[in-house]
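Visitor: I'm new to this model and would like a close look at one part of it. Please take me through it slowly.

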Protein chains: 2
Amino acid sequence: MDTSQLLKGVLDLAVLAVVVDEDAYGYDIVRRLRDAGLDDVGDASVYGTLRRLFQAGALSSYVVPSDEGPHRKYYAVTPAGREALRNGTKTWSHFADVLDDLLGTGRKDAA
Amino acid sequence: MDTSQLLKGVLDLAVLAVVVDEDAYGYDIVRRLRDAGLDDVGDASVYGTLRRLFQAGALSSYVVPSDEGPHRKYYAVTPAGREALRNGTKTWSHFADVLDDLLGTGRKDAA
DNA sequence: GCGTGGTACTGTGCCTAGCGGAGTACTACG
DNA sequence: CGTAGTACTCCGCTAGGCACAGTACCACGC
């Protein structure tokens with residue numbers, strides 16, 4: 001199966017979630033996402049998402065020069081971004097519940 | 001948030017899951033999916049998915065004339081389809097776990 | 001001092017697949 | 001006969017993830 005399609009509409013959330021945890025720059029976000037289990041996110045996807053989120057006002061950014069490579073463009077989640085993350089998370093869990101139900105996975109436990 | 005993007009790559013599974021439960025025709029599948037909570041699946045999406053799955057050999061079909069409307073094209077899940085559903089479900093639950101983790105939803109009983 | 005390799009970002013164009021909308025056909029009902 | 005529900009098809013649009021290529025900066029080895 002192609003995991004790539006699953007990411008659609010969710011990568012935003014993943015990125016926001018990672019950044020809200022701690023300000024981060026693109027390259028690092030990619031690493032963190034991959035570590036988290038999203039093994040095959042493309043870097044271009046993340047950068048693209050970052051740009052979109054930034055333009056949407058969900059992220060702010062500041063550049064930090066690095067002494068071991070090119071400068072890093074750090075991103076931080078804005079209040080609007082937090083809001084979006086909250087909403088998205090809600091949408092996601094509803095959606096995932098429905099899917100789990102449909103697929104009959106034992107994932108979702110009562111509680 | 002746009003639920004529509006979330007469906008990407010998952011509608012196949014949802015459709016398979018519904019059909020595996022009981023042979024069904026397009027119009028009915030749409031209804032069942034909507035009832036299940038996927039309120040805004042477009043009918044065109046479902047029909048498209050159906051065609052794709054059929055062509056991929058995951059579904060077989062047979063036409064049943066109806067006396068209260070046009071004929072119905074019923075679909076049934078093939079062994080290959082069952083296999084695909086199993087795989088897809090696995091991929092899904094892994095994916096959903098990762099996402100839940102990232103988003104810190106209390107959905108999963110990971111604790 | 002030059003190539004190689006890791007880090008960090010940008011841009012372009014492709015492709016998948018879900019969606020809206022229009023169109024067709026059949027039945028039933030007023 | 002027109003409208004409405006059922007059932008399906010076709011077409012063009014769009015979002016967004018991806019591959020690929022390119023740029024730039026640093027460090028290391030030769």
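Visitor: How are H2(B) and H3(B) placed relative to each other?

Guide: Before we dive in, keep in mind that this is a predicted model, where local features need pLDDT of at least 70, side-chain atom pairs count only at pLDDT 80 or more, and totals for chains, interfaces and linings use all residues. Residues are numbered from 1 along each chain as its sequence is written, while chains are lettered from A and ligands numbered from 1 in the order in which they are written.

Now to your helices (DSSP runs of H or I, at least four residues; strands are E runs of at least two; both are numbered from the N terminus). The axes of H2(B) and H3(B) cross at roughly 105° and come within 10 Å. An axis here is a line fitted to C-alpha atoms, for helices over the stretch in contact, and angles run from 0 to 180 degrees between N-to-C directions. H2(B) and H3(B) are therefore roughly perpendicular to each other (65 to 115 degrees; under 35 is roughly parallel, over 145 roughly antiparallel, the rest oblique).

Who does the touching? On H2(B), look for B:Ala14, B:Val15, B:Val18 and B:Val19, and on H3(B) for B:Ile29, B:Arg32 and B:Leu33. Contact means C-beta atoms, placed from the backbone, within 7 Å. This patch has six nonpolar residues, no polar ones and one charged (nonpolar is Ala, Val, Leu, Ile, Met, Phe, Trp, Tyr, Cys and Pro; charged is Asp, Glu, Lys and Arg; the others, Gly among them, are polar).

H2(B), residues 11-21, also packs against H4(B), at about 80° and with the axes 10 Å apart. That angle makes H2(B) roughly perpendicular to H4(B) too. Here H2(B) brings B:Leu11, B:Asp12, B:Val15 and B:Leu16, and H4(B) answers with B:Ser45, B:Val46, B:Thr49, B:Leu50 and B:Leu53. The mix is six nonpolar, two polar and one charged. Notice B:Val15, which sits in the contact with H3(B) and in the one with H4(B).

Follow those partners outward and you reach the DNA. Strand D is surrounded by 30 residues, the closest being A:Gly42, A:Ala44, A:Ser45, B:Gly26 and B:Lys73 (near means a C-beta atom, placed from the backbone, within 6 Å). H3(B) (26-36) and H4(B) (43-55) each give two or more residues to that surface, as do strand S3 (72-77) of chain B and helix H4 (43-55) of chain A. The largest share, four residues, comes from H4(A). By class, the surface near strand D has 10 nonpolar, 11 polar and nine charged residues.

Terms used
Contact = placed C-beta atoms within 7 Å.
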